[in-house]
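Me: Please take a close look at one part of this structure, the second largest pocket, and at the salt bridges. What lines the pocket, and which charged side chains are paired?

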Amino acid sequence: MKNVKVILIGVALCATVFANARIEALGGDAGFWSGDRANAAIFPGSLNDASWLELGGVEGAPSASINWGEGTKWGLNFDAAGNNDWVNMSWAKDGMGLSVGFTSADDAAGTAPSGFDVAWGKEMSFGELGVGYMSADDGTGGDAVTNLWANWRGDLGFWVFDQAKANFSMGDNDMSLGFDLFTHVTPADGVDVLVAWGFGYESTTEDHSDGEGSAMWLPNALVAAEAAMTDWATVRGFVTQNHTMSCDDAGNDCGTGNWTEYGFGLGFGWQANNGSSINLDMTVGNNIFTDPVHVMTGQGSIGSIETTLSYTF
């Protein structure tokens, strides 16, 4: 299916590499956590916020990102999963951020993927904005694919929520739209609880091998928590439940209903004398909580799926 090709090429061309275990352990959407470095991929203006060196996927599929500078920020990014990047870099100044990626290489499969992507973002009077465009050819002789996306986040008081975000993406034959209301609750010192509620919509056209299709989810609900156990250790977890309100697959009714996901993570952080910090974040299986003695004595696996090591300076 062409949409699968869009996703695969998009991963290979992504101008900013952020395989972030902290965000994965909190539900997988950096847009809900404005202070996290992974926001640079969806809101490039946040490149101005900090300097860092981040190593992702250190358990076997490594990626790296560095962002540094005073006043003007420069960044370079690397990803062993695609390993076809010719240039993958970023620039930020005065609240504005820009990232650019080019792919041009012969890969192990004998194909020659090529293309580019560009993303721009800035804090505006109406909120935070991020936009991007990608054009890519996977090197197999098929048609090139394109994708245009936009993200917005800002203050919006409604009911129990005080913030909102929206996303839009449109490819050659695919379109998606999402809107979320969310808030952060602090029930105790060192505890941050995210509560989010929103809707999503996706559609594909008849150019796909399995015909036209569309689906709508309302509501998409997410609860995620991050709690400091000590000044150097943090536990994280999330549960999300999305209700399929309507679904059509090539003229066939897919039905409605709920689907639920959950996940857990651990984080360890140390503060340096110069104010810098070192962090090790990982997603873990629930066996570390259901049978901690067995895991901590080495008799059971921690179940780590993703690990990120970062140095913020």
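**The second largest pocket and its salt bridges**

Reply: In this predicted model, five strands each supply at least two residues of the lining of the second largest pocket: β12 (213–228), β13 (233–249), β15 (257–271), β16 (277–284) and β17 (307–312). Strand β15 gives the most, with five residues. The volume of this pocket is about 460 Å³. Its lining is made up of 29 residues, and those closest to the centre are R22, R37, R236, S277 and N279. Sorted by class, the lining has 13 polar residues, eight charged ones and eight nonpolar ones.

Two of the residues closest to the pocket centre, R22 and R236, also take part in salt bridges, and each can be taken in turn.

R22 pairs with E226, and their closest N and O atoms are 2.8 Å apart. This salt bridge joins distant parts of the chain, since R22 sits in helix α2 (residues 21–24) while E226 sits in strand β12, 204 residues apart. Strand β12 is also one of the strands that supply at least two residues of the pocket lining. R22 and E226 are both buried, with under 20% relative accessible area.

R236 meets D281 in a salt bridge, at 3.1 Å from N to O. D281 belongs to strand β16 and R236 to strand β13, so this pair ties together parts that are 45 residues apart in sequence. Both strands, β13 and β16, are among those that contribute at least two residues each to the lining. D281 and R236 are both buried as well.

The two pairs are part of one network: salt bridges link R22, D36, E226, R236 and D281. Two members of this network, R22 and R236, are thus found again among the residues closest to the centre of the pocket.

The structure as a whole holds eight salt bridges. One of the others is formed by D180 and K165, with the closest N and O atoms 3.2 Å apart. Here D180 lies in strand β10 (residues 174–185) and K165 in strand β9 (residues 161–171), so the pair ties together parts that are 15 residues apart in sequence. D180 and K165 are both buried.

To put the pocket and the pairs side by side: the lining includes eight charged residues, R22 and R236 are among the residues closest to the pocket centre, and the partners of these two arginines are E226 and D281.

Terms used:
Residues numbered from 1 in each chain as written. Predicted model: local features only at pLDDT ≥ 70, side-chain atom pairs only at ≥ 80, totals over all residues. Heavy atoms only, no water. 1 Å grid on protein atoms, 1.4 Å probe; cavity = no way out; pocket = protein on both sides within 12 Å on 5 of 7 lines; lining within 4 Å. Points joined across faces, edges and corners; volume = space filled by probe spheres on them. Helix = DSSP H or I, 4+ residues; strand = E, 2+ residues; numbered from the N terminus. Nonpolar A, V, L, I, M, F, W, Y, C, P; charged D, E, K, R; others polar. Salt bridge = Lys/Arg side-chain N within 4 Å of Asp/Glu carboxyl O. Buried < 20%, exposed > 50% of the residue type's maximum accessible area, 1.4 Å probe, protein only.
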